[in-house]
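Student: I should like a close look at a single part of this structure, namely the surroundings of the ligand. Please describe them in one connected account.

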Amino acid sequence: MTKTAEAAKATENKKAAATSNANAKKATTTNKGNALNELLRGLPQVDEVMKHQNIETLKHALAHDFLRTAVRDVLDDIRQTILAGVDEDYKIPTTEEIAHKSCVHALQLIKPSLRHVVNASGVIIHTNLGRSTLCKEAIEAVNDVTKGYSTLEYSTKTMSRGSRHDHIEQLICTLTGAEAAIAVNNNAAAVMMVLNEFAKGYEAIVSRGELVEIGGSFRVPDIMAMSNAKMVEVGTTNKTHVEDYERNINENTAMLLKVHPSNYRMEGFVEDVSIKDLQKIATAENARRKKEGVKNKVIVYEDQGSGVLIEDEFFKKNGEHTITDALKLGVDIVSFSGDKLLGGPQAGIIVGRKEFIDRLKKNPLARALRLDKMTLAALEATLRTYLNEEEARVKIPTLRMLTEDAAVTKKRADKLKKTFEKEVSSDDVTFKVISEISRAGGGSLPMCDIPTYCVCATFNKGTAEEADRYLIQECEPPIIARLTKDCVYFDARTLDEDDLPLLAKGVQSYISQVK
Ligand SMILES: *Cc1c(COP(=O)(O)O)cnc(C)c1O
């Protein structure tokens, strides 16, 4: 049996149990109960439906057991409907109707669940839609490495065992100026591993202004607790000073942690302590410890989050410093995501001084959280693209979408409008290009309004709400747009040239089935 069939079987069993429960409860001797039982008895047996022509045809393509499960599901649904109470003139569906429904249901079950969608929402690093899309080079690298065996842990140079870290470490060091690097499953994993290695059983000092929650249940205090580091909160929500750290540093302090408040910004009477100042505090403490012959050092670790690798006015303007900047300011370790502003696959990259990265490589968590070959291939190819900054800006979709001139976006919106108008009658839908705002998304650049152009569709036939549902649920690939009160917006900034005809076909297909 296939996986989906197994899953279907499990729901089927659950439903069967629920049905018999409901049956038992309803097994009263009232007339109503009798009428219900009459209806239930009128339903065809599974075997009878299985013999229907429609099902017979599908038997060539789908396993017998799988089809049986689909028929059972449909029959169970009908039973549930009847038991929940139906009108007196209710007629049970015919075998033909049940067979048809079962076929539709079976075909639904074999559809892949994780699949490509068109993002017309204008949210660039859309967390629900898989954050960054990979550049062409990364997709090709994944294809190549999954064709068969690979050099994942083999060196053709030494003709012996190699390390999976080697494919990316040199590249990351070149791009960031770091001494050493390692990448794990995601940045949350990176934070956990760094805390576990350096602050387990010790104290880590963090500003109250940086105790943030970052999307999908990543909370700094929880990660601290998980890694057995004792969190020492200093300062206040809006202001933390150098003295707050100095007053709390002691022989049990292992780390000064700085967390980038990726997804929110505080304005007004605000102050935090810079990396440079944190490094000064750590250096003074380490000098004191050296004199006293204490081996353990205090390290400065920045959870930078978003992962900016290139100098760019756009990032600077939005208060994002590069990884190179952080290292230059004297931070010992920095970690960041691979799929946010960097624009690669999901990963957590840790860079810093070699003595520290070497320790991380030996941590058992490094093995548990290690990257697989597909991610490594995508990450290596993405990083390689960065070797030529100008190329990176064009080739890496996330960078292109974030920094594209609005005039270029407008051209794409104009083209989309034309494509729509060729496919869809203006009597049914009117299209207008309007100036709008895109979002970076993914908990990055929260205050940044990115000027964009959308095609706004007003539905004279059907409704915007229905069209939006149709585009998501009935189109292949699903089309995710932006629904407002009366219109559907298609944001040209997150669209690809290849998407334009798909959008036009989708809207046309919706219109053609409106009664
Ligand atoms: C996004 C983010 C994380 C979590 O990273 P993932 O790659 O999503 O696991 C942690 N810290 C900061 C500051 C972030 O911005």
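Tutor: The account below concerns the ligand and the residues around it. This is a predicted model, in which local features need pLDDT of at least 70 and side-chain atom pairs count only at pLDDT 80 or more, while totals for chains, interfaces and linings use all residues. Residues are numbered from 1 along each chain as its sequence is written, and side-chain values use heavy atoms, with hydrogens and water left out.

The shell around the ligand (residues with a heavy atom within 4 Å of it) consists of Arg-131, Asn-186, Asn-187, Ala-188, Ile-214, Phe-218, His-260, Ser-262, Asp-303, Gly-305, Ser-337 and Lys-340. By class, 3 of these residues are nonpolar, 6 polar and 3 charged; Ala, Val, Leu, Ile, Met, Phe, Trp, Tyr, Cys and Pro count as nonpolar, Asp, Glu, Lys and Arg as charged, and the others, Gly among them, as polar. At least two shell residues come from each of helix H9 (187-199) and strand S10 (299-305); helices (H or I, at least four residues) and strands (E, at least two) are DSSP runs numbered from the N terminus.

Polar contacts (pairs of N or O atoms within 3.5 Å) also link protein and ligand. Ala-188 places a backbone N or O atom 2.9 Å from a ligand oxygen atom. The side chain of Ser-337 has an N or O atom 2.7 Å from an oxygen atom of the ligand, and for Lys-340 a polar side-chain atom lies 2.7 Å from a ligand oxygen atom. Taken alone, the ligand exposes 380 Å², of which the protein buries 95%; these accessible areas come from the Shrake-Rupley method with a 1.4 Å probe.

Note on methods
A polar contact is a pair of N or O atoms within 3.5 Å; within protein, one must be able to donate a hydrogen and the other to accept it, and residues adjacent in sequence count only if both atoms are side-chain atoms.
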